[in-house]
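User: Hey, I'm new to this one. Can you walk me through it?

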Amino acid sequence: MSSMADQQRIHPVPDVEAPPQTSPTVPLVPQGTSKSDDQSYPPFHRTYPPMNSKPPKKRSRCCKCLCWTLSLLLLFILILGITVGILFLVFRPKLPKYSIDRLQISQFDLNSMDSSLSATFNVTITARNPNERIGIYYEGGSHLSAWYTETKLCQGSMPKFYQGHRNTTVLVLPLSGQIQNGTGLIMAVQEQQQRTGNIPLRLRVSQPVRVKLGKLKLMKVKFSVRCGLVVDALSANNTVTIQSSSCKFRLSL
């Protein structure tokens, strides 16, 4: 019986595939120290991104919008430049020219009641359009004034008319005005004439126009003309000689 019980016992069988156990050759505790030595290590913290974090999209949308805006603006500038270049080559625009040919003074008298000065001028202006394919519509709302230094003597306006290609138009424009301190102005004019032998005047013109390119009528713009002229005298019913004159043209939208 005992021999049978010995045969039925289960004896452990070693695992031939398991690696052999080896004793550690490097001590777990460094030499010269003991397990009881205290060692302090900095705490280690690991940060994790939030569970519901999403990539920033607002900035990318703003960048795309800015890029599209700049691209459209550059495209518009390019198309506008090409259009202006083509129109310039086709029509070859030139600035109109203006000159003051004659100045007639019909009234420049003091009022004995209130010392005011009444002035009435007739100014002859020549307008030249040197363009071969461009016409000019002179619209209403113009303003014309004559000045001595900083004093406005009289004012008027230009009529509405159309000036065709390579056309020269002569305009006789009446100007009238009244100055309150007429005595001081008369004395200043006389002193100027005695000292220099002439009197400087300025003529200012503000005129809205529309330009016609072929059959295309463009939007209304405004131009200004500044003329300086020197006359020998400034008195009524006398022949006034224009010694010199020059005009400058400026366009404004």
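Analyst: Sure. Helices and strands here are DSSP runs, at least four residues for a helix and at least two for a strand, numbered from the N terminus. Read along the sequence, they give the pattern α-α-β-β-β-β-β-β-β-α-β-β-β. Keep in mind that this is a predicted model.

User: How many helices and strands does the chain have?

Analyst: Three helices and 10 strands.

User: What does UniProt list for residues 65–91?

Analyst: The unreviewed UniProt entry lists them as a "transmembrane region". In the model, residues 65–91 are 100% helix and 0% strand. The C-alpha atoms at the two ends of that stretch are 39 Å apart.

User: OK, switching topic. Which residues have the most contacts inside the largest nonpolar core?

Analyst: That core has 41 residues, and the ones with the most contacts inside it are F108, F121, Y138, L153, L201, L203 and L234.

User: What does F121 touch?

Analyst: Leaving out residues up to four places away in sequence, its partners include F108, L153 and L234. Those three are also on the list of core residues with the most contacts. F121 also touches Q104, Q107, C154 and P174, among others.

User: And over the chain, how much counts as buried?

Analyst: 26% of the 253 residues. The accessible surface comes to about 19,100 Å², with 58% of that belonging to carbon and sulfur atoms. As for contacts with a separation of 6 or more, 66% are between residues 24 or more positions apart.

User: How many disulfides are there?

Analyst: A search of the whole structure finds one. It joins C227 to C247, with the sulfurs 2.1 Å apart.

User: Where do those two cysteines lie?

Analyst: C227 lies in strand β9 (residues 216–231) and C247 in strand β10 (residues 242–252), so the pair ties together parts that are 20 residues apart in sequence.

User: Is the bond left-handed or right-handed?

Analyst: The torsion about the S-S bond is about 110 degrees, so the disulfide is right-handed.

User: Are C227 and C247 buried or exposed?

Analyst: C227 is buried, at 6% relative accessible area. C247 counts as partly exposed, at 26% relative accessibility.

User: Then why is there no bond between C63 and C67?

Analyst: The closest cysteine sulfur to that of C63 is in C67, but it is 6.5 Å away, which is too far for a bond. A disulfide needs the sulfur atoms within 2.5 Å. C63 itself counts as partly exposed, at 43% relative accessibility.

Key: Residues numbered from 1 in each chain as written. Predicted model: local features only at pLDDT ≥ 70, side-chain atom pairs only at ≥ 80, totals over all residues. Heavy atoms only, no water. UniProt positions renumbered as here; feature names shortened; annotations may be inferred. Core = buried A, V, L, I, M, F, W, Y, C linked by side-chain atoms within 4.5 Å. Buried < 20%, exposed > 50% of the residue type's maximum accessible area, 1.4 Å probe, protein only. Contact = heavy atoms within 4.5 Å. Areas by Shrake-Rupley, 256 points an atom, 1.4 Å probe, with all protein chains shown as cover.
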